[in-house]
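Look at the sequence and the structure below. The paragraphs that follow go through them step by step.

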Amino acid sequence: MRRHRVLGTSVLMLAATLACGGTAQAVARSAPHASHEALATAGRSPVETVTETGTANGELIIARCPAGTRAVGGGVRTHGAAAFDSYPAPDGTGWVGSARGPDPNTPVTVYAVCA
């Protein structure tokens, strides 16, 4: 199981790195990063990580990218539940995930790496 988490993290970092032309700049939606202006000036899109939370009841959770950006990666994080879905939204504007566990109230976070 741990191997899958490391691989997932590696995939997220690779997506972030590729989206920025070799410079990973992932930041939270609520905290703009100072390098966004520098990246935009250099002709590169800034990378932004957005999240959406839900519970491990099997329902789909969608982390939507900000307007004008597309998902270049994403994933699902939960404790005590199994992730069932983890894929880009069909229209490319976010990441879809779900999880199920013995306690359907177990928190689940879906991440989208957007550029």
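How many aromatic pairs does the count come to? The count comes to zero aromatic pairs, taking as a pair two rings of Phe, Tyr or Trp whose centres lie within 6.5 Å. One ring does have a charge over it: the charged end of Arg-100 sits over the ring of Phe-84, 4.4 Å from the centre of that ring. The model described here is predicted.

Start with the overall layout. The chain has two helices and six strands. Read from the N terminus on, these elements run α-α-β-β-β-β-β-β. Of the 115 residues of the chain, 35% count as buried, where buried means under 20% relative accessible area.

The next topic is how the strands are arranged in sheets. Strands of a sheet pair through backbone hydrogen bonds, and the pairing is either parallel or antiparallel. One open sheet has three strands in the order S2-S5-S4, and their pairing is antiparallel. Strand S2, residues 61-64, and strand S4, residues 82-88, stand at the edges of this sheet. Each of them has a single partner strand, so one side of each is left without a neighbour in the sheet. From one strand to the next, the twist averages 20 degrees.

Now take the pairings of this sheet in turn. S2 and S5 are antiparallel and pair over four bridges. On the S2 side of the sheet, Arg-64 stands opposite Gly-94 in S5. S4 is joined to strand S5, residues 94-100, by six bridges, and these two strands also run antiparallel. Two positions can be picked out here: Tyr-87 stands opposite Val-96 in S5, and Asp-85 has Ser-98 in S5 as its bridge partner. S4 and S5 form a hairpin with five residues between the strands. In this hairpin, Gly-92 takes a positive phi near 80 degrees.

Is S5 mostly covered or mostly uncovered? S5 is mostly covered, as six of its seven residues are buried.

A second sheet can be read in the same way. This open sheet of three strands has the order S1-S6-S3, and the pairing is antiparallel. Strand S1, residues 48-55, and S3 are the strands at the edges. Each has a single partner strand, so one side of each is left without a neighbour in the sheet. Here the twist averages 20 degrees from one strand to the next. S3 and S6 pair over seven bridges in the antiparallel sense. Within this pairing, the bridge partner of Arg-77 is Thr-109 in S6.

Two residues of S3 deserve a look of their own. Thr-78 is found in strand S3. Its relative accessibility is 9%, so Thr-78 counts as buried. The side chain of Thr-78 reaches the backbone oxygen of Pro-107, at 3.0 Å. Gly-74 is also found in strand S3. With a relative accessibility of 15%, Gly-74 counts as buried too. Gly-74 and Cys-114 are 40 residues apart in sequence, and their C-alpha atoms are 8.6 Å apart in space.

Cys-114 leads to the last topic, the disulfide. Which residues form a disulfide, and how far apart are their sulfur atoms? Cys-65 and Cys-114 form a disulfide, with their sulfur atoms 2.1 Å apart. The structure holds one disulfide. The link of Cys-65 and Cys-114 is left-handed, with -80 degrees about the S-S bond. Cys-65 lies in the loop between S2 and strand S3, residues 71-78, while Cys-114 lies in strand S6, residues 107-114. The pair therefore ties together parts of the chain that are 49 residues apart in sequence. Both Cys-65 and Cys-114 are buried.

To go back over the main points, one sheet has the order S2-S5-S4, and another has the order S1-S6-S3. The disulfide joins Cys-65, in the loop between S2 and S3, to Cys-114 in S6.

Conventions:
Residues numbered from 1 in each chain as written. Predicted model: local features only at pLDDT ≥ 70, side-chain atom pairs only at ≥ 80, totals over all residues. Heavy atoms only, no water. Pairing = 2+ DSSP bridges. Axes fitted to C-alpha atoms, helices over the stretch in contact; angles between N-to-C directions. Disulfide = S-S within 2.5 Å. Buried < 20%, exposed > 50% of the residue type's maximum accessible area, 1.4 Å probe, protein only. Phe/Tyr/Trp six-rings, centres within 6.5 Å; stacked < 30°, edge-to-face > 60°. Lys NZ or Arg CZ within 6 Å of the ring centre and 35° of its normal. Polar contact = N/O pair within 3.5 Å; in protein donor to acceptor, adjacent residues only side chain to side chain.
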